[in-house]
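User: I am new to this structure and would like a close look at a single part of it, the small open sheet and whatever packs against it. Please take me through it step by step.

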There are 2 protein chains.
Amino acid sequence: MSGSSQAGVSVAANAAAATIAATSREREAKVPTTFDVQPVLAQVEADFANAVARYIDFLRIPSISTDPTYMKDVRRAGDWLAAEFRALGFEATLHDTPGHPILVAHHAGPNADAPHLLYYGHYDVQPVEPLEEWTSPPFEPAIVDGPHGKRVVARGAVDDKGQVLTILEALRAWKTVHGALPAEVTVLIEGEEESGSVSLPGFLAAHAETLRRADAVLISDTNAWDIDTPAITYRLRGNVYVEITLNGPSHDLHSGLYGGAVVNPINALTEVLGQLHDANGRVQLPGFYDGVADLSDAERREWAALPFDEKGFLGEIGLTQSTGEAGFTTLERIWARPTADINGIWGGYTGEGSKTVIAARASAKVSFRTVPNQNPQKILDGLRAFLDARTPPDSKWTIRQFGASEGILVPAEGPYMQAARAGLQDVFGKPAAMVGGGGSIPVVGLMQKGLGLDSILVGFGLSDDRIHSPNEKFELKCLKNGILSHAAILGRIAEIGKK
Amino acid sequence: MSGSSQAGVSVAANAAAATIAATSREREAKVPTTFDVQPVLAQVEADFANAVARYIDFLRIPSISTDPTYMKDVRRAGDWLAAEFRALGFEATLHDTPGHPILVAHHAGPNADAPHLLYYGHYDVQPVEPLEEWTSPPFEPAIVDGPHGKRVVARGAVDDKGQVLTILEALRAWKTVHGALPAEVTVLIEGEEESGSVSLPGFLAAHAETLRRADAVLISDTNAWDIDTPAITYRLRGNVYVEITLNGPSHDLHSGLYGGAVVNPINALTEVLGQLHDANGRVQLPGFYDGVADLSDAERREWAALPFDEKGFLGEIGLTQSTGEAGFTTLERIWARPTADINGIWGGYTGEGSKTVIAARASAKVSFRTVPNQNPQKILDGLRAFLDARTPPDSKWTIRQFGASEGILVPAEGPYMQAARAGLQDVFGKPAAMVGGGGSIPVVGLMQKGLGLDSILVGFGLSDDRIHSPNEKFELKCLKNGILSHAAILGRIAEIGKK
């Protein structure tokens, strides 16, 4: 996942939502439906224990896409899903790619006029390091008690296996109750989201003709506002991820015999990376801020008015203050400002004790969060220029790239967005918060640019779910509300006439 | 080891040496000796194949002192040596310490007037990482061909197991030929030199009364000038080694959800360490240069006159230019200027591919080479002040210390130094170069301060021996010349009357 960390109730947008989307009961009376949604929701409740058992099964597969050691396990997770969709009457194919396979499953609608919905998710998960900080093995899901009832601790519990399961189980409930789905459904679930979705652009291009037949994309890879309040994310940052290495001497040297007289690549790397930001927290790559739109006064006012618990947000990660680009609030920094973060660094001796070595090379993984209208290629060019201008004597940079995506702005209106808001209102009994997100979901941009499809981002994670960290968890309450919401949203979408 | 990397023929000093130390044959005619050295040298030649076999045996023991995994192997190396010395009639004890054991072996002299020589060496070795760069396993010694004949590739080949063996085998040859040694000999060989000699100061203090009875210390842990020219090192840098960690958030975070709004410990660590040097390469810790003596014009002129092959020195490590503190030559930078080198750095995700994480902490190993009159405690205080002044919000520094030693200046005159120069002249047929060294041999300072004993540093390594690096090697020619030199020096020392 990558979506919103904390969400914000966009007051104006939600006032509109409240007007348009009446409660479930009111709408039922007014709108003729082909399929009745209430028994579907009841079926979700009745079958929930079985859904949890399937979910645990899915979580046991260590589908870490970024580490080649787990290549077969990643495929195994794709196979597992394919079998599940086939059991629901889908035509499902696990397509080979240059990287990990992509699952595409298709189910016909009730008639030619039915809307066609494309669901997207990912079945791969993040690495688990540092392993020693987990309270239970990351791929042996543990059901434990928490303040909101039972929760499941496992890698992928929410990101994105848990969210994918909310879609699968909602479709299952419809199929069980009605023997059919109320809309035409295509499901695309990839296995490379956590390693940059490298194969996805080529795949979407190759299958554009088929996929373009969908009317809208529905994605669950973001957070709810809180455990009782749904959220729709309409703004996302992109990400440019690189690994850089500074190569100096031909081999490791003794720091006594050479220290002070020759280039030390670790010294030099810290000097260069230490200049990534200026004193105001602005990223120093040439051209980095080209195209970055200023926030409108209206948007800043709306965000400032959100009931955002900054103290709680920071407190749950052991901090008391936000730091970053001067002149912006915490939500603005996360939702609307580009960044440069070193995600990993290594070089020289890192074992116990001391070793007096000058390393031959030093490396770092660096990522840049992008915002709408920022050009990823320009950032890569700026990085190259930034590094080249700071190359130490006799040294050479190596740069590897792991994916590059743009920031995204999704139109907050339209019938599918309204249907999603209505379905969430049906289940939660209150309007969804309209929020931004700091993370990246590359597929949103690809769907928009490549297929002309807008994505609706409805997610059920919480900000304390520790995704990408040890002890990732998902509340069973969130899992169930997610399944109910997808079941309800599908019913609402079925009511939209084919565009 | 740690001594000189390249050496320099101190022209003035060597002119004096040439006058004082006549050739072996001339001196033999003039000086009455109790023991004849020539059959000892012949015995070294005759027994060399056996000496190599013992040497290979010793190298097989993976005595890496800095890594607790090898604790038993370190002791095994000490036991191996103790047995060898006992076989030569030494009273040998492997003393327990809070760290690795220290071997002390003692052999009586021929009479009460004989000089008493204290040999020092270390039987521990450096770690072997990066293992994949070795052409043969580091603890399976390989005898391979090189431009100077056979050489041995193994961790510890020269540093310091090979050099320790030159002492052991010289003593063996004396014992074999004469059934006795020509001087009283104590041997002290520690197992923690590569991890900061942490237990040594306490041990020397506890055994000061006994050890102080020696007349001089002889150490082989430095280099020759080149394969045909011996060297004595009279100037050494010390070393202050620390591991620092910057602790930020309570756990690893998703860089999309938090990036740009909270402290990133890796970003911050590079910013802080990137300020270690100013634009002129001067170390920026407060008070760092307090006490550092300027080089005299005479010393700078002498060093500048040395036949130092700077192009070759840099070329063999893949470099073309020296970089460092402005206003100093390469030899001055290595022999007489203090440094700050990052020896290791780590944090965040360092595996294959990408992980969008903000690490909870980031660490580095940093060492400071010290020169005479620089106070190690003051450097630690300066580091603390430097870091504290740059602490990011909500963050905390952890500092661990691994040894601290001062720079050393050894008087280049005196009867023991003259005897060493004469013995080297006997074997090599030319005077020893009088050189500085960039590395650290903490025991030299301890012997000087704690026991009032000056050390004579006679070593047989070459600058391309790749100590502390993959594929460390020792030329068999250097091994043999080392044994011959120690045999000859012991003969010369026997001629000195008890002081």
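Analyst: Two strands are said to pair if DSSP finds at least two bridges between them, and the elements themselves are DSSP runs numbered from the N terminus, helices being H or I over at least four residues and strands being E over at least two. This is a predicted model, in which local features need pLDDT of at least 70 and side-chain atom pairs count only at pLDDT 80 or more, while totals for chains, interfaces and linings use all residues. Residues are numbered from 1 along each chain as its sequence is written, chains are lettered from A and ligands numbered from 1 in the order in which they are written, and side-chain values use heavy atoms, with hydrogens and water left out.

In chain A, three strands make up an open sheet in the order S4-S5-S18, and their pairing is antiparallel. Strand S4 (142-146) and strand S18 (473-475) of chain A are the edge strands, each with a single partner, so one side of each has no neighbour in the sheet. On average, and with direction ignored, neighbouring strands of this sheet are turned by 35 degrees against each other; such angles run from 0 to 180 degrees between N-to-C directions, and axes are lines fitted to C-alpha atoms, for helices over the stretch in contact. Strand S5 (residues 149-153) of chain A is joined to S18(A) by three bridges, the two running antiparallel, and here Arg151(A) stands opposite Glu475(A) of S18(A).

Two helices pack on this sheet by contact, which means heavy atoms within 4.5 Å. Helix H4 (residues 48-59) of chain A touches S4, S5 and S18 of chain A, and its direction makes about 25 degrees with that of S5(A). Helix H17 (residues 476-494) of chain A touches S5 and S18 of chain A, with its direction at about 65 degrees to that of S18(A).

Chain B offers a view of the corresponding part, with an open sheet of three strands in the order S4-S5-S18 (chain B) and antiparallel pairing. Its edges are strand S4 (142-146) and strand S18 (473-475) of chain B, each having a single partner strand, so one side of each is left without a neighbour in the sheet. S4(B) pairs with strand S5 (residues 149-153) of chain B over five bridges in the antiparallel sense, and Asp145(B) stands opposite Lys150(B) in S5(B). H4(B) packs on this sheet and touches S4, S5 and S18 of chain B, its direction making about 25 degrees with that of S5(B).

The helices H4 (residues 48-59) and H17 (residues 476-494) of chain B also meet, their axes coming within 11 Å and crossing at roughly 110 degrees. That crossing makes H4(B) roughly perpendicular to H17(B), since angles of 65 to 115 degrees count as roughly perpendicular, those under 35 as roughly parallel, those over 145 as roughly antiparallel and the rest as oblique. On the H4(B) side the contact involves Phe48(B), Ala51(B), Val52(B) and Tyr55(B), which meet Leu476(B), Leu479(B), Lys480(B) and Ile483(B) in H17(B). Seven of these contact residues are nonpolar, none is polar and one is charged, where Ala, Val, Leu, Ile, Met, Phe, Trp, Tyr, Cys and Pro count as nonpolar, Asp, Glu, Lys and Arg as charged, and the others, Gly among them, as polar.
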